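Here are a few exercises to work through with the coordinates open. Try each task yourself before reading on to the solution.

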Amino acid sequence: MAKIIDNRGETLAEILNREFQDVAQVSVATAYFNIKGWGAIKEGLKGKPLRLLLGREPTERIGWKDEVLKELEENEDDPEYFGLLLDVVEFFESPEVEVRIIEGPFFHGKCFLGVVPGNGGIRRGIAVVGSSNFTYGGLIQNRELNMLSTDREVVTELAHWFQEMWDLARDYKQEFLQILSNYTTTWSPMEVLAKALYETYRESLEEVEKRGELRKLMYPHQMISLVEAKRKLEKFGGALLADSTGLGKTKVSLGIATEYRPERVLIIGPKAVLETTWKEEMRKMNLFFECVNSERLSQDPEGIVKEYSDPEKPIGLIIVDEAHQFRHPATNRYRALVDLILRNKARVLLVTATPVNTSLMDLYALLSIYLPEDSVSETGMTLRGYFTSKQKEWLDGRPVEMDEVLRKFIVRISRDLAKELAREEGKELKFPERRLRTLHYTLNLDLERIVDRLEKMNLACYDLSVEKTPKRLRLPDGSLVSEYAEPKRKEQLKVLVKEVVRINLLKRLESSLYAFRRSLERLENYLSRAVQYAREKRVFVPPRAKGELLQLVGEEEGLPEPEELFRKDPELLEECRLSEGEVQDFIQKSTQDLESIRELLTSLPQDDDKFSVLNRQVREIYPKLEGKNGIIIFTLYADTAEYLYRGLKDLSPILVTGEGGKGREGERIEEAEAVKDFQESGGIMVSTDVLSAGQNLQNAQYVVNYDFPWNPVILIQRAGRIDRIGSPYDEIYLLNMLPPEGDSSDPRTLEHFLGLMSRLYQRLEAIRRTVGLDASVLGEQALPKNFALLVGGIAREDREVLKFLEKQMEQFTKDPRDALAEILREKGLEWIKSLPSEIGAYRKGDREALFVLFEDETGKVYWRLKYFDGKKETRTDLVSIVEALRGEGEEERGQKIDYRMLINRFREMKEELLHELEEEEARRRTSEGIPGRPSKKVREVYDALAKVNEEWAAIFRKYCGRATLVDQLHRAMREGKLLETAGTVLPRLAQEEEAKPTAREISLKRICWCWFSKSSA
């Protein structure tokens, strides 16, 4: 009998189930196999020996394996399917079932053969040859073409052919069963974690392969940073590159710049860094890009903006190195950067290893340069609201979870991951060991008396600054002093400002007697002139007419020259006129302060034990320096740097302070020239923190921190100058100058000094809370948490302190890939790649919970950990989920999976995520980026624009979610330049080709999972 079977009438499955009832042996050759295909003919196969011959696809991939996985994904919520899967494994475990696979030339044959042996041959049987694979589609659903024959000769001929192929194939049963058991028995939580991490970062790892030329110039971790930063630049218009210190962010940035050619690229950074590190890297890579130093941006913001805002040739990408220097919105450089971005409609790459110094609002200030306020709409908050709430959690000592939001915007590679990725490619990434050394000096001062004298000072000049020039001065977060106009808050603000000034004076005292003396002398000089001018002209001379209120007198701009100051700004003169009562009050209080200053100056000792200790140590090390080796002495203050430079003059030091440099003979030189000299010849360099970031100074083996580590982050930044790829040393030394440890009642000890400063800071914090200011308002004024413990660890030369500080630095930019680095170190990348999808694990824990990694139709993955006991909360932050998978708890690898218990939970989690994504999609389709409650600034700018140009007003309404745009136009409105600025910025925004939001059909599949149970699952 011969018959064509195409599944239109009777299906091939129905025929095989019937015909196989009467045969003794079954043989199947197929390119594809799936579980439901086996289920379709399982009745016919029951109790029969089976030989299954699998073939390969032309691509050399195992086609049947892909088919099984595809089917698994399609039926992942069907409990009956998983029951069938368990039956399949049980069936193929029978010794009467054999599996082989054809290797070698492409094999794509399909046949179903059932025979009854007899008389040394085949007595009868059934043969089917055609297009059907051993799949549900081939046996039931698809329109196929197969020929069935029961002719004994035909059956015998096909049996001979099958035997010939069978003899050419190799045994594959155990591998076949292993692949099927991937989905029926549990893996370990570590394997599930490895799979989840790899799928999360797979796109970046794979995309690296596509950039052949750049790969020759870069380490693997640098390529991954490039790929991820480029993706964020395209999606958000900006990216924050925050790789750990010493990993080559400059090279990554230049790699990104090359990918934007022929667009115009502008690089902004500190002058010394641009003229050394950037210049050298561009030379090595044979590149050239326009550069402007951030010092020029501060000094001439309007000129720079005009110079680099050519509508005929706009800038496509702006790269900002040492971007943490742009974290204060009150500064000229911050505003100028925002202006450049808006006028050019440019993307911006912010580069810094330390985006968070002492406040989370540092990070907000950076991200808000390019992100609109609705960029974290999934949190239900504005960008500022989100960071403000997280800052409050941090200050209250609560755990802060920001991973999901920060991963969205920040690129960060750790040293551990960089090392392991390099090792995978046969490269070595080596860093020196850090050694801490403490140099103890004696505080020969009556600190209590000095503090008492400072606390009695009136500092009336700051009171009048708040009263007379509130619209000109800002606090470190960028807010105008005028925003605190309510009388009670204004008075508290005055108290707070003076507390900050006193603390800053004490910091200079700790730095050096010379720096403290110079600060007092500048204040004395200013007050003498201000008193005289008030007496003669009845006018207040403010310490500064613009900028940041909290800076000390003469700190950056020098002392004001009254006549010149008021000649340039007649409006300021009117603002600063004093009543008779104000004149007398200011003169009386300032005269008292002058007496206190002079008393303090005369009480300061002439001997400087701190410098003596440094001097001895440097002269001990100096003769041992060989080649380019050197010592870098860091201090916060230019006054201290000058003092140290003069004190070590006979050793031919180099000086860098941010205001130019001095050479080994005392000659004035450019900072870049000073750095180059030190890189080539070593020796001694004295520097402020202008060189604490961005410079490659690994020729040196020693860093001395001359000042107290008020902000421990700076210690890591400074260490990073010599702790870099390419250091020739096995060990580097970080020397810290501190008073000796001892009894807190002894005024000469570290503990006494810490206690004194702690009291001042606690009082400052109390005032801050009374005024109701954000912590960010004070910039870096707050002492870090655990400060005494950190300093104590440094004093005891505990190397773990540096690791702790790095973790503190990175706590808001933690990277789950650090866990991936550990797995890479242990197992290797190829092992991770080999892990299949849909695997699961059991683990015993404290609570019942289920982790699932889902993937949507675009390839985006979602980490979900849902608790099923008590409150059914769901966690989505990678860091905590990674810790849960890595944590303590008995693992149950190799257990039979009970899908009946799991399927409903899988389904519930998928539906929950689908609902969230659909809601988010609905918001996306309807949102135009307009804040639900426009701020006062937004309303004022919109109203002003609507009066003169309705089109501009409409554009502004569309983009008013961008805080930096609002601030720019509001400032221009106050300065009478609204039309000019709006005419430049708004039409450019209107030219953006924004794709209309289209409806998206969301689909999810499960990649891997782990069930946490209180008892065996």
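## Exercise 1: the open sheet

This is a predicted model, and it contains an open sheet of 8 strands with mixed pairing, ordered β15-β24-β23-β18-β22-β19-β20-β21.

**Task.** Work out which strands stand at the edges, and how many bridges join β15 to β24.

**Solution.**
- Start with the ends: β15 (433-440) and β21 (668-669) each have a single partner strand, so one side of each is left without a neighbour in the sheet.
- Now take β15 and its partner. Strand β24 (residues 731-738) runs parallel to β15, and 8 bridges join the two.
- For a landmark in that pair, look for R435, which sits opposite Y733 of β24.

## Exercise 2: helices across the sheet

**Task.** Find which strands helix α29 lies across, and which strands helix α33 lies across.

**Solution.**
- Helix α29 (residues 638-647) lies across β18 (630-634), β19 (654-656), β20 (661-662) and β22 (683-687). Its angle to β19 is about 175 degrees.
- Helix α33 (residues 787-795) goes over β15 and β24, at about 120 degrees to β24.

## Exercise 3: classify a helix pair

**Task.** Take helices α13 and α30: at what angle do they cross, and is the crossing left-handed or right-handed?

**Solution.**
- Get the geometry down: the axes of α13 (residues 271-284) and α30 (residues 671-681) come within 8 Å and cross at roughly 45 degrees.
- That angle makes α13 oblique to α30, because only angles under 35 degrees would count as roughly parallel, and roughly perpendicular begins at 65.
- As for handedness, α13 passes α30 in a right-handed crossing.
- Check who's touching: A272, E275 and T276 of α13 meet E671, A672 and V675 of α30. Sorted by class, that contact has 3 nonpolar, 1 polar and 2 charged residues.

## Exercise 4: a second helix pair

**Task.** Find how far apart the axes of α23 and α24 are, and which residues make the contact.

**Solution.**
- Helix α23 (residues 487-511) packs on helix α24 (residues 513-537) with the axes 5 Å apart and an angle of about 140 degrees.
- From α23 come L505, R508 and L509, and from α24 come L513, A515, F516 and S519.
- The class tally for this contact is 5 nonpolar, 1 polar and 1 charged.

## Exercise 5: a long-range salt bridge

**Task.** Work out what parts of the chain the salt bridge between E420 and R825 ties together.

**Solution.**
- The E420 and R825 side chains form a salt bridge, 3.0 Å from N to O.
- E420 belongs to helix α20 (residues 415-424) and R825 to helix α35 (residues 817-827), so the pair ties together parts that are 405 residues apart in sequence.
- The full count for the model is 73 salt bridges.

Key:
Residues are numbered from 1 along each chain as its sequence is written. This is a predicted model: local features need pLDDT of at least 70, side-chain atom pairs count only at pLDDT 80 or more; totals for chains, interfaces and linings use all residues. Side-chain values use heavy atoms; hydrogens and water are left out. Axes are lines fitted to C-alpha atoms, for helices over the stretch in contact, and angles run from 0 to 180 degrees between N-to-C directions. Helices (H or I, at least four residues) and strands (E, at least two) are DSSP runs, numbered from the N terminus. Angles under 35 degrees count as roughly parallel, over 145 as roughly antiparallel, 65 to 115 as roughly perpendicular and the rest as oblique. A crossing is left-handed if the near helix is turned anticlockwise from the far one by less than a right angle, and right-handed if clockwise. Contact means heavy atoms within 4.5 Å. Ala, Val, Leu, Ile, Met, Phe, Trp, Tyr, Cys and Pro count as nonpolar, Asp, Glu, Lys and Arg as charged, and the others, Gly among them, as polar. Two strands pair if DSSP finds at least two bridges between them. A salt bridge is a side-chain nitrogen of Lys or Arg within 4 Å of a carboxyl oxygen of Asp or Glu.
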